[in-house]
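The following exercises are to be worked with the sequence and the coordinates at hand. Each task is followed by a solution in steps.

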Amino acid sequence: MGKAKLAVWKFASCDGCQLSILDCEDELLSIAEAVEIANFTEMTRKVTDGPYDISLVEGSVTTANDAQRIVEIRKSSQTVVAIGACATAGGIQALRNYADIDEYLGAVYAHPEYISTLTTSKPISDFIKVDLELRGCPVNKEHLIELVASALAGRKPRIPHFSVCEECKMKGNVCVLVGQKMPCLGPVTSAGCGALCPAVGRGCYGCFGPVKNANTASLATRLKANGTDPDKIRRMFKTFNANTKAFEREFSS
Amino acid sequence: MEKEKATSSCDIDVHGIARVEGEGALHVHIDNGELKNVELEIFEPPRFFEAFLRGRGFEEPPDITARICGICPVAYQMSACLAIEDACSAKVSDEIQTLRRLLYCGEWIQSHVLHVFLLHAPDFFGLEDAVELAKINRNAVERGLFMKKIGNKLMEVVGGRAIHPVNVKVGGFYTAPTKQDLEALVDDLKQALEYAVWATAWVSTFEFPDIVTSYPLVSLVHDTLYPIDCGTVASTEGFNVSPKDFLDRIVEEHVARSSALHAKLNGETPYLTGPMARFNLNYDRLTPIARECAEASGIEKGCRNPFKTIIMRSLETVVALEEALRIIENYVKPDPSFVEITAKAATGYGATEAPRGIIVHRYVLGSDGLIKEAQIVPPTSQNQAAIEEDLKNVIANNMDLDREQLTNYCETAVRNHDPCISCSAHFLNVDIKR
């Protein structure tokens, strides 16, 4: 059997999640030996045709052309993994979903007619079946390595499915929400970052998106009781993972 | 042996330029040996940062604008902080500004090394990527990866995370690292500095085509420091102005082929920012070892060959490593780690040097602390017109090459400037209001 073929695809994004692959400095050359990097424009000029065993997809779908391109990628890939907040939730650029796109175009461009864009920024799973999602803005590079390794071994990847609160406890962080009444989205946010924000003395800002069964309403009530301005609470939910059901209901109501 | 010459008529179309950040394409049209058209097309989809920043709190841009670019988030965070502090008439302590410079050094190291070793060097060996380069010179690639890793590590220790740091806030840092935290990095930084010195010698042995450019160069300048985190905006044309006055001097055009805007001086002249501009305008501010490396490498002061930016980036990696070591040696932990900022209704400007060039932010704040207007001028929209000038130059000088070679050359000419297309797409209020 030949090497597994790995492809990396970019949609609307900052490139940070695919950069996480190149940031695996200790593992990069081993990864390149273990798999065939068949398509990864940021890294190589070489392009190998599909089918691909694993496709990692970064970014959200924001153009008609990209909506077609993702369907082609699905057809040529055994496993499709959406990586990062853009691919799993639409990213920060999904704030257009709650605004008037023509007004946005006029605010940024002199010739809006030159620009071809959809009125929304949507996650990959709105267009195709996605086999696995890796959360985070950006993703945790160790999760990426675990993902590729598990796919090669034919087992399920070990990715945390609990909240940032639990990561904080494991790390021994003092709770900034209870202790200092700081606004913190830790109770409703997926783990994965390693509870970085509370560790530097600030509240979690939700870049890994909602944890399963997130009770955002209860958290919002608590933040208000702690004296956080309601407009600020709405803005906290309206960032990189705004276009998720759990976070959306806290700013659109 | 006769190969197909580009002197006849041909179109070169590269869809999806590889080893750059973001999505761009290249179109060249040659008719009867005459270059008819060159276009660097940017099809990176727009993300509308300047539009949705309106109505956000004044403390939010460092977290939000970091997401414009995963490769140079600190550049966005630093220019955003300076602009908002400028609007609010706030000044941070010297200790805080020095810690910002240290964080920025980490970004320069990782971004420059990424470009030199993984994106640019393969061109000089006719290879597709750094994995192929590792097959013929594993030692070089491993040294590069070592340097890149310590750059990222420095960002993690100071910024809390390498991609989209979490520890930066308007006014300073949530928590300042201890001297001990930083000293733990010194051995690896020293090792990386040795490798970086070696790298300047290594890249200097590459073969460079003889291309000379004449467009104006623009970079920050500073009385004593090589410009990274602060300075005024100067050019080879002789001006030296504040970031605010610099914005008054450029006009951005929106052209049909691009979701990025083309910035030109006075609306006419293409100009270049980035390593070649900084090197030319700040040669006398090179740190001591970098200065020795520059002299040893044979690169002349005033070098205008864009293919030699790989040497300049390597020299700037030496600068960033020397600066990081100097800052850690003299580190005084800022206490407090940030200054309290009170928002006021005003406009503020901030400019810093991203690894690939100047990045300017402008914010108009309301008395409620919300952003009324945001303008972000990233390096690649400034450099786009100059990159097209380079392409014309390269093609005119290489009409005798066959098509494949010419295509490779053109791609390298784009990569010379480490364009960050993710950054460049969709910026700037273009209304010709100046």
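**Exercise 1.** Which residues of α3(A) are buried?

*Solution.* The model is a predicted one, in which local features need pLDDT of at least 70 and side-chain atom pairs count only at pLDDT 80 or more, while totals for chains, interfaces and linings use all residues. Residues are numbered from 1 along each chain as its sequence is written, and chains are lettered from A, with ligands numbered from 1, in the order in which they are written.

Step 1. Apply the criterion: a residue is buried if 20 or more other C-beta atoms lie within 10 Å of its own, exposed if 12 or fewer, and partly exposed in between, with C-beta atoms placed from the backbone. The buried residues of α3(A) are then D66(A), I70(A) and I73(A).

Step 2. Examine their directions. These residues span an arc of only 60° around the axis, and therefore lie on the same side of α3(A); the arc is that of the directions from the helix axis to the C-beta atoms. An α-helix has 3.6 residues a turn, so residues three or four places apart point the same way.

Step 3. Turn to the other side of α3(A), where A64(A), Q68(A), V71(A), E72(A) and K75(A) are exposed.

Step 4. Identify the packing partners. The buried residues of α3(A) pack against β1 (4-10), β3 (52-58) and β4 (77-83) of chain A. Contact requires C-beta atoms, placed from the backbone, to lie within 7 Å. Helices (H or I, at least four residues) and strands (E, at least two) are DSSP runs, numbered from the N terminus.

Step 5. Check the length. Helix α3 (residues 64-75) of chain A has twelve residues and reaches 18 Å from first to last C-alpha, close to the 16 Å expected at 1.5 Å a residue. The expected span is 1.5 Å times one less than the number of residues.

**Exercise 2.** Describe the fold of each chain in global terms.

*Solution.* Step 1. Chain A comprises twelve helices and five strands. Its radius of gyration is 19 Å, close to the 18 Å that the globule rule gives for 253 residues, so chain A is as compact as a globular protein of that length. The radius is taken over C-alpha atoms, and the rule is 2.2 Å times the number of residues to the power 0.38.

Step 2. The C-alpha trace of chain A spans about 60 × 50 × 25 Å along its principal axes, and 53% of the 253 residues are buried.

Step 3. Chain B comprises 15 helices and 13 strands. The radius of gyration of chain B is 21 Å, close to the 22 Å given by the globule rule for 434 residues, so chain B is as compact as a globular protein of that length.

Step 4. Along its principal axes the C-alpha trace of chain B spans about 70 × 50 × 35 Å; 59% of its 434 residues count as buried.

**Exercise 3.** How many residues of chain A and of chain B are in contact with each other?

*Solution.* Step 1. The count is 47 residues of chain A and 49 residues of chain B.

Step 2. On the side of chain A that touches chain B, α1 (16-22), α2 (28-34), α5 (101-108), α9 (196-199) and α11 (230-237) give two or more residues each. The most come from α1(A), with four residues.

Step 3. By class, this side of chain A has 25 nonpolar, ten polar and twelve charged residues. Ala, Val, Leu, Ile, Met, Phe, Trp, Tyr, Cys and Pro count as nonpolar, Asp, Glu, Lys and Arg as charged, and the others, Gly among them, as polar.

**Exercise 4.** Locate the backbone irregularities.

*Solution.* Step 1. A cis peptide bond joins C137(A) and P138(A), with omega about 5°. P138(A) is in the loop between β5 (132-134) and α6 (141-153) of chain A.

Step 2. In chain B, the peptide bond from D335(B) to P336(B) is cis, with omega near 5°. P336(B) is in the loop between α12 (309-329) and β11 (346-354) of chain B.

Step 3. F48(B), not a glycine, has a positive phi of about 65°. F48(B) lies in the loop between β3 (34-42) and α1 (49-52) of chain B and is buried, with 25 other C-beta atoms within 10 Å.

Step 4. D418(B), likewise a residue other than glycine, has a positive phi near 45°. D418(B) is found in the loop between α14 (403-415) and α15 (421-424) of chain B, and counts as buried with 30 C-beta neighbours inside 10 Å.

Technical notes
Two residues are in contact if their C-beta atoms, placed from the backbone, lie within 7 Å.
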